[in-house]
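Visitor: Hello! I am new here, so could you walk me through this one step by step?

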Amino acid sequence: MKANNKKIRLLMGAILMTVGIVALTGCSKKANTGASSKDSEETSSGDNLVIPVDKISEKASFYPVEVDGVDLEVVAVKASDGTIRTAFNTCQICYGSGRGYYKQNGDVLICQNCGNQFAMDHVEVESGGCNPWPIFDKDKTVDDDNITISYDFLKESTGIFANWKVEY
(Lines give C-alpha, C1' and ligand atoms only; values in the text may rest on other atoms or scores of the structure.)
Protein backbone atom coordinates (compact mmCIF):
# COMPACT_ATOMS: atom_id res chain seq x y z
CA MET A 1 0.00 0.00 0.00
CA LYS A 2 2.81 2.44 0.91
CA ALA A 3 4.67 1.58 -2.31
CA ASN A 4 1.55 2.38 -4.37
CA ASN A 5 1.07 5.73 -2.58
CA LYS A 6 4.71 6.63 -3.24
CA LYS A 7 4.33 5.78 -6.95
CA ILE A 8 1.17 7.87 -7.17
CA ARG A 9 2.90 10.86 -5.51
CA LEU A 10 5.88 10.54 -7.89
CA LEU A 11 3.56 10.31 -10.89
CA MET A 12 1.54 13.34 -9.73
CA GLY A 13 4.77 15.30 -9.18
CA ALA A 14 5.97 14.47 -12.68
CA ILE A 15 2.61 15.50 -14.17
CA LEU A 16 2.60 18.80 -12.27
CA MET A 17 6.18 19.53 -13.35
CA THR A 18 5.30 18.83 -16.99
CA VAL A 19 2.24 21.08 -16.82
CA GLY A 20 4.36 23.82 -15.25
CA ILE A 21 7.00 23.61 -17.97
CA VAL A 22 4.36 23.72 -20.72
CA ALA A 23 2.68 26.71 -19.05
CA LEU A 24 5.97 28.60 -18.89
CA THR A 25 7.24 27.81 -22.39
CA GLY A 26 4.15 27.01 -24.43
CA CYS A 27 3.94 23.91 -26.51
CA SER A 28 7.06 23.10 -28.46
CA LYS A 29 5.57 22.24 -31.85
CA LYS A 30 7.33 24.32 -34.49
CA ALA A 31 5.33 25.36 -37.54
CA ASN A 32 6.54 25.00 -41.10
CA THR A 33 6.19 28.48 -42.60
CA GLY A 34 7.22 30.52 -45.58
CA ALA A 35 9.62 33.43 -45.40
CA SER A 36 8.52 36.70 -43.84
CA SER A 37 8.99 40.11 -45.39
CA LYS A 38 11.19 42.58 -43.54
CA ASP A 39 11.02 46.32 -44.00
CA SER A 40 13.83 48.54 -42.86
CA GLU A 41 11.95 51.27 -41.04
CA GLU A 42 14.10 51.17 -37.92
CA THR A 43 14.12 53.79 -35.19
CA SER A 44 17.04 55.13 -33.30
CA SER A 45 16.98 55.82 -29.58
CA GLY A 46 14.20 58.22 -28.71
CA ASP A 47 12.54 58.13 -32.15
CA ASN A 48 8.97 57.19 -32.96
CA LEU A 49 8.33 54.34 -35.38
CA VAL A 50 6.79 55.79 -38.54
CA ILE A 51 5.27 53.36 -41.04
CA PRO A 52 4.23 54.75 -44.44
CA VAL A 53 0.60 53.77 -45.12
CA ASP A 54 1.29 53.27 -48.83
CA LYS A 55 3.72 50.42 -48.04
CA ILE A 56 1.07 48.34 -46.26
CA SER A 57 -0.74 45.60 -48.18
CA GLU A 58 -2.53 42.30 -47.56
CA LYS A 59 0.92 40.77 -47.13
CA ALA A 60 2.22 41.37 -43.63
CA SER A 61 5.11 43.81 -43.30
CA PHE A 62 7.49 43.48 -40.36
CA TYR A 63 9.18 46.57 -38.90
CA PRO A 64 12.16 45.98 -36.60
CA VAL A 65 12.76 48.48 -33.82
CA GLU A 66 15.52 48.70 -31.22
CA VAL A 67 14.65 50.43 -27.96
CA ASP A 68 17.28 50.68 -25.23
CA GLY A 69 19.10 47.62 -26.56
CA VAL A 70 15.92 45.51 -26.84
CA ASP A 71 14.85 44.29 -30.29
CA LEU A 72 11.12 44.66 -30.99
CA GLU A 73 9.14 44.12 -34.15
CA VAL A 74 5.83 45.54 -35.34
CA VAL A 75 3.68 43.81 -37.93
CA ALA A 76 1.36 45.88 -40.14
CA VAL A 77 -1.17 44.48 -42.59
CA LYS A 78 -4.20 45.63 -44.56
CA ALA A 79 -7.29 43.61 -43.63
CA SER A 80 -9.83 42.48 -46.24
CA ASP A 81 -12.07 45.44 -45.30
CA GLY A 82 -9.23 47.86 -46.19
CA THR A 83 -8.38 48.85 -42.62
CA ILE A 84 -4.77 48.83 -41.56
CA ARG A 85 -3.98 46.69 -38.54
CA THR A 86 -0.89 46.71 -36.33
CA ALA A 87 0.46 44.44 -33.61
CA PHE A 88 3.72 43.56 -31.97
CA ASN A 89 5.20 40.48 -33.62
CA THR A 90 5.07 38.48 -30.44
CA CYS A 91 2.47 36.06 -29.13
CA GLN A 92 0.44 37.02 -26.08
CA ILE A 93 0.91 33.53 -24.63
CA CYS A 94 4.22 32.27 -26.03
CA TYR A 95 6.26 35.51 -25.87
CA GLY A 96 8.43 34.30 -23.00
CA SER A 97 9.51 31.15 -24.87
CA GLY A 98 11.87 32.94 -27.26
CA ARG A 99 9.94 31.45 -30.18
CA GLY A 100 6.65 33.29 -29.68
CA TYR A 101 6.74 35.31 -32.88
CA TYR A 102 4.83 35.08 -36.16
CA LYS A 103 5.71 34.34 -39.76
CA GLN A 104 3.27 34.65 -42.62
CA ASN A 105 2.17 31.60 -44.57
CA GLY A 106 -0.42 32.45 -47.21
CA ASP A 107 -3.14 34.53 -45.59
CA VAL A 108 -2.34 33.57 -41.99
CA LEU A 109 0.29 34.37 -39.39
CA ILE A 110 1.69 31.32 -37.61
CA CYS A 111 3.17 31.34 -34.09
CA GLN A 112 6.64 29.78 -34.28
CA ASN A 113 6.27 28.32 -30.79
CA CYS A 114 2.90 26.57 -30.76
CA GLY A 115 1.84 26.70 -34.41
CA ASN A 116 -1.41 28.61 -33.81
CA GLN A 117 -2.65 30.16 -37.06
CA PHE A 118 -4.05 33.65 -36.97
CA ALA A 119 -6.02 35.29 -39.82
CA MET A 120 -4.82 38.70 -41.00
CA ASP A 121 -8.32 40.12 -40.45
CA HIS A 122 -7.97 39.40 -36.72
CA VAL A 123 -4.74 41.37 -36.21
CA GLU A 124 -5.40 44.15 -33.68
CA VAL A 125 -8.97 42.92 -33.20
CA GLU A 126 -8.43 39.99 -30.86
CA SER A 127 -6.67 40.37 -27.55
CA GLY A 128 -5.61 37.57 -25.24
CA GLY A 129 -4.81 34.00 -26.12
CA CYS A 130 -2.22 32.90 -28.66
CA ASN A 131 -2.53 36.02 -30.83
CA PRO A 132 -0.16 38.80 -31.90
CA TRP A 133 0.04 41.51 -29.21
CA PRO A 134 -2.31 44.24 -30.57
CA ILE A 135 -1.36 47.89 -30.94
CA PHE A 136 -4.73 49.61 -30.56
CA ASP A 137 -5.76 53.05 -31.87
CA LYS A 138 -5.05 54.66 -28.49
CA ASP A 139 -1.40 53.57 -28.78
CA LYS A 140 -0.69 55.00 -32.24
CA THR A 141 -1.47 57.95 -34.47
CA VAL A 142 -2.80 57.29 -37.96
CA ASP A 143 -3.18 59.84 -40.74
CA ASP A 144 -3.48 59.58 -44.53
CA ASP A 145 0.29 59.11 -44.94
CA ASN A 146 1.71 57.41 -41.84
CA ILE A 147 1.14 55.28 -38.79
CA THR A 148 3.20 56.63 -35.90
CA ILE A 149 3.91 54.58 -32.79
CA SER A 150 5.54 56.66 -30.08
CA TYR A 151 8.94 55.85 -28.67
CA ASP A 152 7.43 56.03 -25.17
CA PHE A 153 4.85 53.34 -26.02
CA LEU A 154 7.55 51.19 -27.63
CA LYS A 155 9.71 51.59 -24.52
CA GLU A 156 6.78 50.57 -22.27
CA SER A 157 6.42 47.41 -24.37
CA THR A 158 10.01 46.16 -24.24
CA GLY A 159 9.20 43.64 -21.48
CA ILE A 160 7.26 41.40 -23.88
CA PHE A 161 10.40 41.12 -26.03
CA ALA A 162 12.85 40.17 -23.26
CA ASN A 163 13.34 36.62 -24.64
CA TRP A 164 12.24 37.36 -28.22
CA LYS A 165 13.79 35.13 -30.89
CA VAL A 166 16.18 33.62 -28.34
CA GLU A 167 17.24 30.15 -29.43
CA TYR A 168 17.27 27.40 -26.80
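Below is a short conversation about a predicted model.

Visitor: Which strands form the open sheet, and in what order?
Guide: Happy to start there! Four strands take part, and their pairing is antiparallel. Across the open sheet, the order is S2-S3-S4-S8.

Visitor: Which strands stand at the edges of that sheet?
Guide: A strand at the edge has a single partner strand, so one side of that strand is left without a neighbour in the sheet. The strands in this position are S2 (61–67) and S8 (132–134).

Visitor: By what angle are neighbouring strands of this sheet turned against each other on average?
Guide: Here the direction of the strands is ignored. Taken as an average over neighbouring strands, the turn is 40°.

Visitor: In S4, what is the bridge partner of Val77?
Guide: Look at strand S3 (residues 70–78) and strand S4 (residues 84–91), which run antiparallel and are joined by five bridges. Val77 has its bridge partner in S4, and that partner is Arg85.

Visitor: Is Arg85 buried or exposed?
Guide: Arg85 also meets Asp81 in a salt bridge between their side chains, at 3.4 Å from N to O. Asp81 has a relative accessible area of 54%, so Asp81 is exposed. For Arg85 the relative accessible area is 10%, and the cut-off for buried is under 20%. Arg85 is therefore buried.

Visitor: Where is Asp68, the residue with a positive phi although it is not a glycine?
Guide: Most residues other than glycine have a negative phi. Asp68 has a positive phi of about 50°, and its relative accessible area of 48% makes this residue partly exposed. Its place is in the loop between S2 and S3.

Visitor: What is the phi of Glu124 near?
Guide: Glu124 sits in the loop between strand S7 (117–119) and S8. With a relative accessible area of 12%, Glu124 is buried. Its phi is positive, in a residue other than glycine, and is near 70°.

Visitor: How many residues apart are Lys140 and Glu124?
Guide: Their side chains meet in a salt bridge of 2.6 Å, N to O. The pair links distant parts of the chain, with Lys140 in the loop between S8 and strand S9 (141–142) and Glu124 in the loop between S7 and S8. Both are buried, and their separation along the chain is 16 residues.

Visitor: Which residue meets Asp139 in a salt bridge?
Guide: Asp139 counts as buried, at 16% relative accessibility. Its partner counts as exposed, at 71%. The side chains meet at 3.5 Å, N to O, and the partner is Lys138.

Definitions and conventions: Residues are numbered from 1 along each chain as its sequence is written. This is a predicted model: local features need pLDDT of at least 70, side-chain atom pairs count only at pLDDT 80 or more; totals for chains, interfaces and linings use all residues. Side-chain values use heavy atoms; hydrogens and water are left out. Two strands pair if DSSP finds at least two bridges between them. Helices (H or I, at least four residues) and strands (E, at least two) are DSSP runs, numbered from the N terminus. Axes are lines fitted to C-alpha atoms, for helices over the stretch in contact, and angles run from 0 to 180 degrees between N-to-C directions. Buried means under 20% relative accessible area, exposed over 50%, partly exposed in between (1.4 Å probe, protein chains only). A salt bridge is a side-chain nitrogen of Lys or Arg within 4 Å of a carboxyl oxygen of Asp or Glu.
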